[in-house]
Amino acid sequence: MSSIGAVNSSSYYNQTTDSTAKVSEKDNTKKAAETTAKNEGVVYEKTSSTKNTNYVKKNSALIQKLQADSDARVSQMRNLVEQMMKKQGSAIGNADSMWRFLADGNFTVSADVKAQAQKDIADDGYWGVEQTSDRIVDFAKALSGGDSAKADKMIEAFKKGFEQATKSWGKSLPDISQRTYDAVMEKFDAWKNGTETGKTETE
């Protein structure tokens, strides 16, 4: 089902947002200290990690776009699952119950829903390995301001999000999730090491 990508992405977005908020807080504290020191006559040398101004400016809009897109897709999935569960005498108590309902596999779907799900998780589908891993890495780049020095923090947040998704699912995630995990880690490593070969939406 296309819900696998949804639980992966939504959990990751929550984790990276929390992680980046902590990073931003540290950055703001550092900036305040530097401003105070400057006023007192202390000179700070300009670091080599100066960010591209245009890149930073469009991060906010990109983050909002990616988050809104993910939220809309997850909401669409939730509505679909709720309809399925009602027809089969079940009800969603919380987000985890929805994922575990899907994980159990004790449900039937119409031919058109099945066809859409297969399309969504296909190689070129919205919840397929490539598109999902691209969105996750693009989101991390936007949150970090394109600073690859923060890749490790983004990777840590992603791993926590994956663990959270596994917990919500109630057991080991399906193969497509593991393949997505591997693809994300590969793209993170390429970004971190400066070996990316293609352009992404955030560049």
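## Exercise 1: The two sides of helix 6

Glu-163 and Lys-167 are exposed on one side of helix 6. Work out which residues of helix 6 are buried, and how they are arranged around its axis.

**Solution.** This is a predicted model, so we are reading computed positions throughout.

- Step 1: Collect the buried residues of helix 6. They are Ala-151, Met-154, Ile-155, Ala-157, Phe-158, Gly-161, Phe-162, Ala-165, Ser-168 and Trp-169.
- Step 2: Look down the axis of helix 6. The buried residues fall within an arc of 160 degrees, so they line one face of the helix.
- Step 3: Turn to the other side. There you find Glu-163 and Lys-167, both exposed.
- Step 4: Check the length. The 19 residues of helix 6 should span 27 Å at 1.5 Å a residue, and the end C-alpha atoms are indeed 27 Å apart, which agrees.
- Step 5: Step just past the end of helix 6. Gly-170 has a positive phi there, of about 95 degrees.

## Exercise 2: The whole chain

Find how many helices and strands the protein chain has, and what share of its residues is buried.

**Solution.** Let us start with the broad view.

- Step 1: Count the elements. The protein chain has seven helices and zero strands, which gives the pattern α-α-α-α-α-α-α along the sequence.
- Step 2: Look at burial. The chain has 203 residues, and 40% of them count as buried.
- Step 3: See how far contacts reach along the sequence. Of the contacts between residues at least 6 apart, 75% join residues at least 24 apart.
- Step 4: Consider the outside. The accessible surface is about 11,800 Å², and carbon and sulfur atoms account for 48% of it.

## Exercise 3: Where to read with care

Decide which helix has the lowest mean pLDDT and which has the highest.

**Solution.** Begin with the average, then go to the extremes.

- Step 1: Over the protein chain, the pLDDT averages 76, and 65% of the residues score at least 70.
- Step 2: Among the elements, helix 1 (residues 3–39) has the lowest mean, 52, while helix 7 (residues 175–193) has the highest, 96.
- Step 3: Residues 28–51 have a pLDDT below 50, and this stretch has eight contacts in the model beyond near neighbours in sequence.
- Step 4: Where pLDDT is low, predicted coordinates should not be read in detail.

## Exercise 4: The largest nonpolar core

Name the residues of the largest nonpolar core that touch the most other members, and find which helix gives the most to this core.

**Solution.** Work from the residues to the helices.

- Step 1: The core holds 31 residues, and those touching the most other members are Val-81, Phe-101, Leu-102, Phe-158 and Phe-188.
- Step 2: At least two core residues come from each of helix 2 (53–87), helix 3 (95–104), helix 5 (129–144), helix 6 (151–169) and helix 7.
- Step 3: Helix 6 gives the most, with seven residues.
- Step 4: Take a look at Phe-188, which sits in helix 7. Phe-188 counts as buried because its relative accessibility is 0%.
- Step 5: Phe-188 and Lys-141 are 47 residues apart along the chain, yet their C-alpha atoms are separated by 9.4 Å.

## Exercise 5: Helix 4 and helix 5

How many of the 16 residues of helix 5 are buried, and which residues of helix 4 are buried?

**Solution.** Take the helices in turn.

- Step 1: In helix 5, 13 of the 16 residues are buried, so this helix is largely enclosed by the rest of the structure.
- Step 2: From first C-alpha to last, helix 5 reaches 23 Å, close to the 22 Å expected at 1.5 Å a residue.
- Step 3: Pick out Ala-140, a residue of helix 5. With 0% relative accessibility, Ala-140 counts as buried. Ala-140 is 14 residues from Met-154 in sequence, and 6.0 Å from Met-154 in space, C-alpha to C-alpha.
- Step 4: Just after helix 5, Gly-145 takes a positive phi of about 70 degrees.
- Step 5: Helix 4 (residues 111–120) has Val-113, Ala-117 and Asp-120 as buried residues. They cover an arc of only 60 degrees around the axis, which puts them on the same side of helix 4.
- Step 6: The face of helix 4 turned away from its buried side carries exposed Ala-111, Asp-112 and Lys-119.

Definitions and conventions: Residues are numbered from 1 along each chain as its sequence is written. This is a predicted model: local features need pLDDT of at least 70, side-chain atom pairs count only at pLDDT 80 or more; totals for chains, interfaces and linings use all residues. Side-chain values use heavy atoms; hydrogens and water are left out. Helices (H or I, at least four residues) and strands (E, at least two) are DSSP runs, numbered from the N terminus. Buried means under 20% relative accessible area, exposed over 50%, partly exposed in between (1.4 Å probe, protein chains only). Contact means heavy atoms within 4.5 Å. Accessible areas come from the Shrake-Rupley method with a 1.4 Å probe; for residues, only the protein chains shown count as cover. pLDDT is the predictor's confidence in each residue, from 0 to 100. A nonpolar core is a set of buried Ala, Val, Leu, Ile, Met, Phe, Trp, Tyr and Cys residues joined through side-chain atoms within 4.5 Å. The expected span of a helix is 1.5 Å times one less than its number of residues. The arc is that of the directions from the helix axis to the C-beta atoms.
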